[in-house]
Amino acid sequence: MAETTTKGIGTVGGYSIVRREPLDRLEGTFFELEHQATGARHIHIECSDDNNAFAVFFPTTPMDSTGVAHILEHVVLAGSQRFPVRDPFFSMTRRSLATFMNAFTSADWTMYPFSTRNTKDFMNLLDVYLDATFFPRLAEDSFKQEGVRFEFEKPDDLTSGLRYKGVVYNEMKGALATPQAAMQKAVGRALFPGLTYSYISGGDPQHIPELTWAKLREFHANHYHPTNAYFYTYGNQPLELTLDVIERSSLAKFQKIKVDTAIPDVTRFKRPTTHAEVYPLAPGEDGSKRAEALAAWVTVHTGDSFRLLAMRVLSEVLLGNPGSPLRKALIDSRLGTALADGSGLQDDYKEAVFGAGLKDINASDSVKVQQVVLDTLDSLARDGVDPEQVDAVIHRLEFEKRERSNAGFPYALKVLFSCLPSYNYGGDAYSALNFDADLARLEKDRKEGRFFENLIRAELLDNPHRSLLTITPDPDFEERQRRQELEKVAAVETSLSDAERQSIVADALRVRADQEAKQDLSVLPTLNLQDIPMKFDRVESEAATAGGAPVEFYPLPTNGVTYVDVRTDFSILSTELQDLLPLFSRVLTQSGAAGQDYVQIARRMAAHTGGIGAAAQVQSLAAAEDFVESFIVSGKALDRKLVPFIELWADLLVRLEIDPVRLKEIIAETATRLESSIPSLGLQFALLLAQGKLSSEGALNERQQGIAMLHVMRDLAKLEVGELGDVIARLQQIRTTLFRQDAVRFVVTCEESMIPSVREQLTGLVGQLPTGRPGGAPAPRLDLLDPASEARTAPVPVAFNVRTYKTVRYTDPDAPILLVLANYLRDTFLHRELREKGGAYGGYVQASTAAGFFYLASYRDPNVVRTYEVFDEALRWVLETPIEDEALDEAILGACGDVDPLESPDIKGRREAVNRLTGFTLEERELFKQRLLRVTPADLVRVTENYLAHGRAAQATVAGADLVAEARKQRPDLFRVVAPV
Ligand SMILES: [Zn+2]
């Protein structure tokens with residue numbers, strides 16, 4: 001870039017460079033550009049990362065709840081002018097080594113992002129993304145399939161009853177059924193009356209049928225235009241090349257238009273308001289103490305990076321950890337057990353919303369919850385905010401800025417999200433990204449005194465734009481909605497003429513025929529098998545000891561962050577103690593220690609670390625039907641915080657103090673959280689339940705993370721504070737059994753130069769642990785769960801169906817074939833049958849090559865019986881339909897992507913340590929990849945015969961009670977066991 005500009009300002013192609021700044025956090029450069037002819041904006045982050053990213057987003061501000069922006073997102077992905085195939089995005093996932101591909105609809109924008117480490121792949125995906133967004137086909141049939149349509153229950157039978165069908169229609173029925181969704185709806189409606197936020201951008205099933213194809217196309221024309229487009233690129237690819245493609249293929253075909261997607265500021269209230277919403281409760285469930293209350297304010301403009309930073313810091317100070325004053329006051333009030341949904345700062349509105357409240361309350365206590373919030377804020381504004389807490393939050397920001405982690409989400413895109421409000425709402429994106437200047441200003445203003453106290457007054461206490469939001473459970477909600485829908489459809493049905501009925505059948509059959517039709521995918525760009533890197537990086541380590549305990553050091557460029565894991569084997573605990581590990585994981589990091597209460601410990605954690613977490617993990621062996629039971633505590637800290645970081649570890653592992661009152665709070669909060677996440681945990685619960693029927697490893701995972709764990713937590717939640725003595729003794733017994741000098745091993749990832757000081761600190765830590773072996777024999781391996789097919793009923797209006805098979809371990813030559821089979825089945829059959837035809841949000845096939853399982857599953861599915869029939873057909877499909885070379889190559893390419901996930905230093909050392917422990921050596925992994933390339937059609941048929949058609953299988957469903965009852969009516973033999981979750 002250097003030669004094209006002077007002082008950072010100049011042009012590239014048809015673009016003006018508006019701004020160019022150094023970006024220290026990435027040792028890179030920030031570019032802001034504008035396309036001269038159309039006004040399209042572009043931010044580019046030039047840096048040495050080879051995981052290159054692209055995103056384009058459009059402000060989309062619908063003024064109704066028909067879900068137009070969301071349905072458009074789906075239809076845009078259903079074929080474009082240059083790529084007129086049914087599902088180019090989905091097809092590209094099998095022709096690409098993308099490290100991320102997705103599309104999102106938020107309250108006021110729609111975004112299409114991807115990332116990849118392969119240059120050719122980047123250009124392929126760029127072509128497909130640009131054509132999809134600017135030149136989609138927007139076919140009427142795609143609109144009907146993805147949005148909503150009438151269809152007879154049996155599509156070709158006029159008498160089988162008229163129904164609404166459609167992917168988004170079903171998706172939103174599931175998505176809106178949670179208390180979280182009800183709270184989000186309340187925030188939008190109560191705080192932003194008259195603005196786009198007062199509607200449900202994803203679509204309300206009651207209003208989705210009002211959307212027409214014409215309105216959808218009009219919405220596209222007005223919003224998906226370069227003048228309304230925000231581009232983002234990141235990585236080491238030359239910017240000129242990318243801009244050239246964007247300009248030639250897309251922008252050159254447009255002229256600037258007038259767009260109006262600006263969102264006005266909300267008219268501020270003269271006095272606070274109240275607002276209530278309901279969420280569905282399953283029949284028979286106890287609805288007492290299941291309400292939520294949130295006091296919520298509209299505060300600063302999110303485009304103002306300094307004021308947003310100040311509010312973020314304030315919000316973290318108030319609520320960020322268990323020791324934060326507002327969080328503590330709310331929990332101490334005992335009105336509820338956990339923070340309400342929507343607590344904290346939400347910056348995805350043009351004006352940020354701050355909320356604080358409690359869940360698990362009596363609805364009548366709503367006003368009391370608000371009073372706790374107001375009283376606490378008032379005393380903080382009067383008596384002052386603890387400056388040490390502010391320091392701790394600022395330390396946390398510094399940590400986040402320094403860490404370049406791909407954990408969870410590619411860093412390449414995290415960078416975009418960290419400046420999105422400023423970029424989207426016309427603020428200073430560079431300041432938001434590189435917040436040194438804002439931080440310096442904050443420190444200066446703080447020194448002048450009472451900064452945060454004044455902020456509490458100005459934005460909260462003296463700000464009348466507040467609403468008290470109350471969410472209550474409604475046991476009749478689901479039934480009422482179902483009846484309303486049936487009545488509405490029945491009314492339509494009686495008014496239909498014969499011709500209209502016939503045309504509904506014809507539409508359905510045409511859509512079906514199109515889904516079945518063979519597509520010419522050769523128009524899509526693709527990677528070839530030769531493009532796949534066959535080698536894995538060798539990760540070097542240094543073996544050492546600290547006070548006799550083994551330490552594996554992984555020296556990597558971590559940008560000044562040290563990552564420490566301590567691993568210990570939990571198989572020496574009795575089964576009864578193992579069942580308490582999910583609770584112990586939380587207690588270990590959320591209690592008091594060494595004479596300090598949990599508030600002081602939480603403050604130390606915030607001030608000196610980037611977080612410490614703990615979890616039991618069951619790790620599969622590569623070569624044997626066996627596993628390792630690891631309890632792992634993981635922490636990270638800036639290098640200069642090493643000493644207080646390890647001191648904190650020592651206090652937690654050696655001097656943990658479990659107070660019964662605090663324990664009661666932790667149990668209550670955990671149980672509440674679990675209950676309210678059942679709608680999102682449905683697939684996990686069904687899967688673990690099914691796998692527990694096939695291996696003792698599966699049974700152990702079920703007890704640690706499945707329905708069994710939920711039941712343990714529910715039972716614990718029934719105990720009163722005075723009855724917890726025995727639980728505390730057992731938790732302490734877990735700690736003193738697991739953390740002994742001869743039982744612990746460490747894995748450390750850090751800068752090479754840090755090794756000696758880390759070793760010295762760990763030696764000090766080990767010296768404080770008890771010596772000697774605890775008595776008792778290891779617990780026996782768990783028995784398999786009851787093999788009968790099970791259905792668990794849950795408060796959800798959809799189903800999660802799982803069939804899983806027991807297969808082979810990683811080093812078996814059939815394991816790579818099973819992985820290819822999973823990709824093949826998903827791409828050629830299951831996605832079409834379950835999502836496109838069946839209306840499920842997802843249809844999955846996975847080979848978990850480590851634990852030796854193969855499963856078929858559906859997510860947010862309106863069907864049960866039909867889905868199990870599709871699972872049966874899936875086997876016949878492989879056995880009876882010729883397997884084409886192109887489809888096989890795509891499945892192999894997909895499998896290669898599966899075995900080569902995106903890493904970063906924080907993940908790399910950790911993953912390598914587990915690989916060594918379990919036998920996933922570099923040689924085995926490279927052999928696995930070579931075997932992938934050699935898979936033949938005959939192999940796929942053979943493993944289908946051996947492991948699926950004639951293998952051991954288990955089935956489990958988690959679904960709404962009416963779906964389960966309906967399934968039992970159709971197929972009385974489908975489930976042998978039926979019980980609530
Ligand atoms: Zn969707």
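What geometry do the four donor atoms give the site of the zinc ion? Select the ion in this predicted model and display the angles among the donors. They run from 54 to 151°, and the site is irregular. Four donors count as tetrahedral only if all angles lie between 85 and 135 degrees.

Next, show the coordinating side chains. The zinc ion is held by NE2 of His-70, NE2 of His-74 and two OE contacts from Glu-171, at 2.1 to 2.5 Å. Along the chain these donors follow the spacing H-x3-H-x96-E.

Now select helix 1, residues 68-76, which contains both His-70 and His-74. The two histidines are four residues apart, about one turn of the helix. His-70 has 6% relative accessibility and therefore counts as buried. His-74 is also classed as buried, because its relative accessibility is 7%.

Move on to the sheet. Select its six strands, which form an open sheet in the order 29-30-28-31-27-32 with mixed pairing. At the edges are strand 29 (842-848) and strand 32 (977-980), each of which pairs on one side only. Neighbouring strands are turned by 15° against each other on average, direction ignored.

Within the sheet, pick strand 27 (residues 790-793) and strand 31 (residues 953-959). They run parallel and are joined by four bridges. Follow Arg-792 across to its bridge partner in strand 31, Val-958.

Finally, add the helices. Helix 29 (residues 814-837) lies across strand 29 and strand 30 (853-861), at about 170° to strand 29. Helix 30 (residues 865-880) packs on the sheet and touches strand 28 (799-806), strand 30 and strand 31. The direction of helix 30 makes about 35° with that of strand 28.

Key:
Residues numbered from 1 in each chain as written. Predicted model: local features only at pLDDT ≥ 70, side-chain atom pairs only at ≥ 80, totals over all residues. Heavy atoms only, no water. Pairing = 2+ DSSP bridges. Axes fitted to C-alpha atoms, helices over the stretch in contact; angles between N-to-C directions. Contact = heavy atoms within 4.5 Å. Donors = N, O, S within 2.8 Å, 3.2 Å for Na, K, Ca; no water. Tetrahedral: all angles 85-135°; square planar, octahedral: opposite > 155°, others 65-115°. Buried < 20%, exposed > 50% of the residue type's maximum accessible area, 1.4 Å probe, protein only.
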